[in-house]
Each structure stands twice: as C-alpha cells, then as structure tokens.
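The following exercises concern a single protein chain. Each task is followed by a solution that proceeds step by step.

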Amino acid sequence: MERARVVVVEGGRPGSGYVIAERLVLTSAHVAPEPGRTVRLFRPGQEPTWDGTVVWRGTPGGRDDAALVRVDDPAWVGAPRQPVRWGRTVTHRPGTPCETWGAAELVQRPGRATDVAQPSGTLNPGERFAGNRYVMSLAQHPPAPSGEGASPWGGMSGAALFCGDLLAGVIAADPAGRAHAHLEAVPAYVLLHDPGFRAALSDHAPDVGTALEPVEWQHLIEPAAPARVLNSPAALLQARRQIVPFRGRTTLLADFASWAGEDGFGARLLHGPGGQGKTRLAQHLADALTARGWTTLWLRADAHALAELSAAAVPLLVIVDYAETRTPQLTALLEAAVQHSGDRAFKLLLLARTDGDWWNDLHATTAAAEDLLDGTGTILLPALEPSPDDSRTEAYRQAVRSYAAHLPQVRDWQPHDWPALAARLTTGTPEGLDRPGLDSALTLHMTALADLLDAASGAGAGSATVEDRLLVHERRYWKATAAAHDLNPGLTFATLTDALAAAHLLGADTDDQADALLRHVPALADQPTDRIHAVRRWIAALYPAPTPRLAWGMLQPDRLAEYFTGRHLHQSPQLAHRLAPTVTEPQATRLLTLYTRAAAHPALRPQLAAHLTTLCTDQASTLAGPAIDVATQTEHPEPLIDALHHITDNPTTPLTHLHHLVNRLPDTSYNLAPYAAHLTQRLTEHHRARADHDATHLPDLAASLNNLSNCLGDLGRREEALGAIGEAVEIRRDLVRDRPDVFRPDLAMSLNNLSIRLGDLGRREEALGAIGEAVEIRRDLVRDRPDVFRPDLASSLNNLSIHLAALGRWEEALEAIGEALEVYRELARDRPDAFRPDVAMCLNNLSNRLAALGRWEEALRAIGEALEVYRELARDRPDAFRPTLAGSLHNLAISLGDLGRQEEALEAIGESVEIRHELARAWPEVHQPDLEKSLRVLAWLEESAD
C-alpha cells in the first residue's frame, strides 16, 4: 500500500480514498454524491486541492458501498506509475494480515492539517461471509469513542483495504457492538462482479485489470507484465500482455472448458515449440475461468511452500510454464493436490516445449505423481496459421493494427503516425507471408512489429532474420539507457553487450551473485565496485526482475532472448567458457537450456551447436551432470549428447566422474538411450581392467555387464547384449559359490535377463533353462523374505510363461502366467501405481496363452482388460507405453480374427500398424520386426475379409 495514493474525499461528508489509476480514485458510496456530481480531493497534510467527478456509485450503506471518482482538474499531479492489482481470499484459513490508511477522526487535531491513521490487523474469510463483507480485526488497542456516540474511525470510509500488495476491499463501516475494534469493508470481488463498476473501469482506467488474485498466495504468483512499463517495442510481444486479439483454437478451448467442468483434480500438458502460442492460450483460458469465479495462479519458478494450495476453497487453475525444467516444484504441487479436499476443482495446466523424457520421469517421482497423472492428456499445440492463405493475411493485418495502437505508449516511439504506417502495411496483399516459419504465431507477430518499426525508422528488412531486425531497435533502447546511467562511453557498448548476454545466460538470485557474475565478463574483471554496481543497475533497469528475489529479468519474449544470446555466443564463444567454471548448478542448467534452444535456431546452427559441444566438453566438471538433465528436457539435445560422448571417451576423465554420470542417468530415456549404452560400456571396461588385477572388483564388473546388457537390448543390439549378460552370469555363479546368501539374488536377476536375451535370438531351450533356474532361486528367496522378492518372482514367472509358450508347452505356460498374474494383482491392490503396468503385461500374455488353447472368449476378455490399462498408461507416458499398447492391439486383432469378428479385428490391427509405423520410423532397429508382424496380421485379416 502506497501512502502517496491516499487522498481525502469531500463530497457530502468527509471520507478517504485511494488512487487506483492515473486519474481514478476509489472511495465509499456514502462519502460521494450521485454520479455526475463533483467532489473535492486533497492529499493529507498538503494544501493543493483538485476537483473530481463521480463516475460510478454503488448503494450507500449497501453491499456495494463504494464509488469511483475521476479527477478532472488539469492541475492534478502525482499520478501513480502502476495501476492497482485486486485480491480476494481463497481459503477458509483465519488470520490473513491486512492494513488500511485513511483520514480517521481519531487522529485529527483542531487547527492542524488533516492527518492519517494506518491501522493494521487480520481478517478471517468466514466472518460476515454471508453478508459479503470483510471484517478487519484491528491489531491495535481499540480507541475510545470520540463523543456523542460518534465513531473514532469516522473519515476512514472509502479507505482501501490491502492484503500485502493486493487491494482487497473498501472500508465501509465501524460496526456496532464491536467496541471500535473492527472495521468492515466491501470486498473487491463484490465490486468486480458489478457490470457498472467494470464498465467504469474500462472507460476511465483501461490499464486497471479486473482479475482477482489470491491474497493468501500472492507470494506464489508470477504476475503479468505491468501494463504501463513499455520501455522497448519488444515488450509488446509478451504473450500475457495480450496486445493482439486472440484467434482460433476453438476446438481446443472447448476441450479445456469441458475439462475444467469436471469435478476434483485434473491435469493437462500443453506442449509445442517456442512461439507456438502456449502461453497466450493459457492466459486466454485463465481469463475465461477467472470471469467464472475461478482463481488462476501462474506459479513462480522460485515458489516454495506449495502445500498451502491444498487449502483452496474456490475452483483453482495453476499454470506452470516451462514445466519440463521444474520437476521438483511439480512434485510438490502434486503433493498439495493430494491433500486437497476435492470438493472444488483443482486443475493443473503444464506448458512445455516437449513431452519427452522429463514427462515420463515426472510420473515416477512419487506415488502421488503417478496416481494423479494417471490419465493426464498431453496436447501437441499445432501451428496457428499453417497455410499462407487469407487467414494468415488477416492475422498479420490484425497484429499490425494492434501494435500500431500500442506503440505510442512505448518510450521514444511516440512521434510517429502509427495509423498511417499501419494502413500502408495492411493495404492490399502483404508480401512475404509465405516465408518459412510464419505459421508460428510469434514469428508472424514479430514480423508485423518489425515491419512497423522499420517503416517508422526507414530501415529495410533485407535478408536479416526477424529477430535481428527487432534487436536493431532493442539496441537503441540499450544504448539510450546506458547513457542515462553514465555507462557509455566509459564502457564500450561491446562490453555492455557481453554483460547483458552473461546476465541472460546465468541469471542471478541476489545482487552479490550478480556482481560476482559480472566480474567474470572479461572487460569488467578489473573494474571498480561502483562500476560493477552501475552495470547491474543498468541491466535491472532494462529488464526489471519479475520478483524481488532476483537481481534482474530478461528480454522478452523468450525466443528473442535466446536468439540474442545465441547470436552473441556465436560471435564470442569464449564468453561462456569464462563464465562456466564458477557457475552454481541452477546457473549451469539455465546456461545449457538457453544455449541449447539458441543452437536449434535455423540461422545459428550448426556452428552454435558445435560451440556448445566444445563448451560442455571443456567444462565437464561443472556442465556434464546438468547436461544429462537438460538433454531429457529439450527438443534438440544433440549438442549435449555429443559432448557427453566426448567426455566419456576422454581417457583423462576420472572414473568417479563416469560413475557420477551413470548415476545421474534417468531410468528410461529415449534421448539418452544410445549414450547410456556407450557410458555403461566404458564403465564396464574400467571395471574389467580393475578386476583383472583384483578379484574384489568382480561384483562391480558383473553389475556393470548386467546394466550394459539391458542398454544394448534396448537398442536392439541383441548379440552384444547376450554376450554381456552371459559373462555377468558366469561371474555371479563364481561369486555364489563363496557367498550364496549375498549373491544369489544377483544371480537370479542375471539369469532372468539371460533368458530374455536368449529368447530374443530364438534360442528357446537355453532360454527356458535359464529362466527355470531363476524361478527356482526366487522361490527360495520368497520363502524367507516374501515382501522383498515376490515382485521378482512374478517377473520371472511371466518370462517362464513366455519361453514355455515359445516351445509350444501351452498348458504349462498358462499355469505360469496365471501364477504371475495372481501375484501382481495382490501387489497392485496395495501399490496400484507401481504394479498396474505389470498386471496389464500379464493379462496380455494370458490372452495369448488362452488363445493358443482355443479359449477365445476368455482370451478376448483378458486382452480387453489389458488394452484398457495400456490406453491409460500410453496417454500419460507415450514414450514408455505406446509400444506395449501396439502389442496389445496386435493380440486383440488376432483374437477377434479367430472369432470371425473381422471388422473389429481390422480396426485393432490398423491402430497397431499405425503406432508401429511411427515407432519404426524413429527407431527401426528396435521396432521394425514388430511392425512386420502386425503387417502380416493385417494382410491375413484383409485376405480373410475378401
């Protein structure tokens, strides 16, 4: 709450008011006369007075006891820099801190200037809830009556009630029977639900939003960019400013509306390339839900203590941008969702550039994550303007007109005839709208803005990228601000650009961290402290921090920041090398994320990708570990994976570092699967060399060989996988002879894997022998420790069934899979998230066994149940479960075909073939054999249908 915004309002009776926008004051209805009448305004303790006109008034003494006054006086001074933000309580938890500031009677003295009181206290959301009032319980000792029954709080009517940074209400009364220890306020939500109030805001203060933010959670919110901070044209491109009207996406919005209408918890992942329109779509959805009484919360990247979200008493939408980089926060958010009562909607909308490995890993972080994300839909956002047709042309014209209307608000860009420039660009058919990339909403909008700026400045587009064109104008802003901070010419613009690129690359949580970062910029290393501070303040002035916890923000939109940083690193790659040795792990992750995204830009690759690989290789001690994490989160991980291969192959890389990398690998990763095999091979070689000289290293060698076999098997390298697991079994047999109690579980595991590798190569009898031995060992282990080893026994029984079936021993195979299914069903009762995939796997195999024995109806029921589970799993984790879904569809088609249900069978095998075609295109050596099997079944069914 700002003291400079507090005013005294004199209409029929004295009261208080608060300046909410440049010329608009919020006060009480019973202080103000009827609309159209005049009031006098002045600031407490100051002499100037101004006239104002009432433009809206609620009911004096009623539930909407508030009024809006427009300041007409041309002498008015001291308008606020920013409009207010509105707030409301969204939980039932008592004790929300609040304050107000007004010209209370109790502080006035005869013959002296009007003074103010600043009472503080708390409010409990449930008190006077039915009466639509907030009750402020004062922290101060209640004042004595002022005489003749008058309230000592007279004159406070109309004062703003703030909770933190949010305006939550307007003081209306000193309620009777409370001994002056409480004040009542009209809640902001009452006013913002009034069409007349909203219309008056729109007419007289369009910069003031109408969104209600949650007062209890304001420390968790990433606020939208301030409406009036427009220091550079690029600020107009920020999606949440919504400069260009929203277009299209009608089907997707309808889907989201239906999803929001479902009770309880729900989550969606919306993913697509940068600039595709994810943020804008999310903001549009948030606005629509806010208008329906929801609370929408854009979660700050550094927000903690998310458990308090479980207390939500209103429908809640939490939006998490760049979700692929925020797994720990998402895990905490899901834990909060588990604790929520479920009597209101609790929805999560995750925005990401990719739905790859990070998404699969998120499901496995906790039981809550696996449970809540089961069934979560993932939506790939398509291009908004896919064809260079009339729709794209109209979108371009709309963007030009929108930016032209707002450019007069941008500093130093006012003196241009923007309507005329816009008319010139939108008359006739604009040229160049068929260029690559203009299907992206952001690229189209950037082009429209660049065309306007170039037209105003007389610049030509030439062959430059649209990002380069916009950066030409952005650099004017940098230079003007540097001059205002007395930095230039004392420091060269090249040095300042280095500092700005470093700030974007690493970020800084504190001023001290920012100063330390700037000292690693080569030309700033020897600068005095005051000059370093001046550079930090310059960057913060260019791009203010979105939260007080950060030293500065960054150029927006993100894609423009990525391009600027990438272009700078392309020209000065050594800058990153100077910064990398001292980075914190969060800074390293940020550096690699931004660098990787920049390296994927068509105008910067492949040179920038090569620079990134060299950087990671040279700075392996600080960047190799984060590179593994970022490789699972990015659309284009190739430069990072190349670097990891170089690091692994470097003979000087310490063994401890290789172990650190292998421990950092995710359990499953499509992006990293080939590298995982390569790294495990390297470690195996190290362990072999050690074991040749010292037998105590044999367990490590066996474990590494077992892991190597799994990695090679995942890549379809079957002969090599068999060789590795065969050697592991041999070593573990020797170890069991000396220490059976310690090494028998390991031997059983390797025998189980050996049977799989033998089966992959068609060596059925040998595979059956290996799995039979594994089952025997695991039965013995279960007798002593059933809780530990029952899952292992079930896994081996499943494999035993597979190998028996391969040899035509159908009855024995059916018995084995039946026992495995029984165990998994029991395990799934206690831990469904962990064991439902195993139940589905066994059902799939049970169906095969039953079908082989001619028990078609039972086979069909089993595969139907498996398919139901796999569809849910594939929606959540397509990378992991689409292959198994295709397998179940394949088996379903066979069962339906054998029953003569050709049409249904063709539908099932058609879906299986479609999935396996996609998988085989990405990974032919693994999925091509399965595709060929499904194609043979398709041909059989088509022939049968004929």
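**Exercise 1. The barrel**

How many strands form the closed barrel, in what order do they run, and is the pairing parallel or antiparallel? Identify also the bridge partner of Val25.

Solution. The model examined here is predicted.

Step 1. The closed barrel consists of 6 strands in the order 1-2-3-6-5-4, and their pairing is antiparallel. From one strand to the next, the twist averages 40°.

Step 2. Within that order, strand 3 (residues 24–27) is joined to strand 6 (residues 67–71) by 4 bridges in the antiparallel sense.

Step 3. Val25 has Val69, in strand 6, as its bridge partner.

**Exercise 2. An edge-to-face pair**

Classify the aromatic pair of Trp56 and Phe197, and state which parts of the chain the pair ties together.

Solution.

Step 1. A pair of aromatic rings is characterised by two quantities, the distance between the centres and the angle between the planes.

Step 2. The count of aromatic pairs comes to 12. For Trp56 and Phe197, the centres are 5.1 Å apart and the planes make an angle of 80°. Planes over 60 degrees apart count as edge-to-face, and the pair of Trp56 and Phe197 is therefore edge-to-face.

Step 3. Trp56 belongs to strand 5 (residues 49–57) and Phe197 to helix 2 (residues 195–204), so the pair ties together parts that are 141 residues apart in sequence.

Step 4. The cut-off for burial is under 20% relative accessible area. Trp56, at 9% relative accessibility, is therefore buried. Phe197 has a relative accessible area of 0% and is buried by that rule.

Step 5. Trp56 and Phe197 also belong to a cluster linked by ring pairs, together with Trp86.

**Exercise 3. A tilted pair**

What is the geometry of the pair formed by Phe265 and Phe346? Determine whether each of the two residues is buried or partly exposed.

Solution.

Step 1. The ring centres of Phe265 and Phe346 are 6.3 Å apart, with 35° between the planes. Planes under 30 degrees apart count as stacked, those over 60 as edge-to-face and the rest as tilted; the pair of Phe265 and Phe346 is therefore tilted.

Step 2. Phe265 lies in strand 15 (residues 265–271) and Phe346 in strand 18 (residues 346–352). The pair thus links distant parts of the chain, 81 residues apart.

Step 3. Phe265 has a relative accessible area of 24% and is partly exposed, whereas Phe346, at 1% relative accessibility, is buried.

**Exercise 4. A charge over a ring, and a cavity**

Over the face of which residue does Lys479 lie? Which residues line the largest cavity?

Solution.

Step 1. Lys479 lies over the face of Phe493, 5.0 Å from the ring centre.

Step 2. The search of the whole structure yields 1 cavity of 30 Å³ or more. The largest cavity holds about 60 Å³ of space.

Step 3. The lining of the largest cavity is made up of Glu324, Arg353, Thr593, Arg597, Val630, Gln633, Thr634 and Glu635.

**Exercise 5. Backbone geometry**

Locate the cis peptide bonds that precede Pro557 and Pro606. Then place Arg128 and Asp412, each with a positive phi, in the chain.

Solution.

Step 1. The bond from Gln556 to Pro557 is cis, with omega near 0°. Pro557 is situated in the loop between helix 14 (529–542) and helix 15 (558–571).

Step 2. The bond from Arg605 to Pro606 is likewise cis, with omega near 5°. Pro606 is situated in the loop between helix 17 (585–599) and helix 18 (607–618).

Step 3. Arg128, although not a glycine, has a positive phi of about 60°. Its place is in the loop between strand 9 (120–123) and strand 10 (134–138), and Arg128 is partly exposed at 35% relative accessibility.

Step 4. Asp412, also not a glycine, has a positive phi of about 75°. Asp412 lies in the loop between helix 8 (390–406) and helix 9 (418–426), and is partly exposed with a relative accessible area of 49%.

**Exercise 6. The chain as a whole**

How many helices and strands does the chain contain, and what percentage of its residues count as buried?

Solution.

Step 1. The secondary structure comprises 33 helices and 19 strands.

Step 2. The chain has 946 residues, of which 54% count as buried.

Step 3. The C-alpha trace spans about 105 × 65 × 65 Å along its principal axes.

Conventions:
Residues numbered from 1 in each chain as written. Predicted model: local features only at pLDDT ≥ 70, side-chain atom pairs only at ≥ 80, totals over all residues. Heavy atoms only, no water. Pairing = 2+ DSSP bridges. Helix = DSSP H or I, 4+ residues; strand = E, 2+ residues; numbered from the N terminus. Axes fitted to C-alpha atoms, helices over the stretch in contact; angles between N-to-C directions. Phe/Tyr/Trp six-rings, centres within 6.5 Å; stacked < 30°, edge-to-face > 60°. Buried < 20%, exposed > 50% of the residue type's maximum accessible area, 1.4 Å probe, protein only. Lys NZ or Arg CZ within 6 Å of the ring centre and 35° of its normal. 1 Å grid on protein atoms, 1.4 Å probe; cavity = no way out; pocket = protein on both sides within 12 Å on 5 of 7 lines; lining within 4 Å. Points joined across faces, edges and corners; volume = space filled by probe spheres on them.
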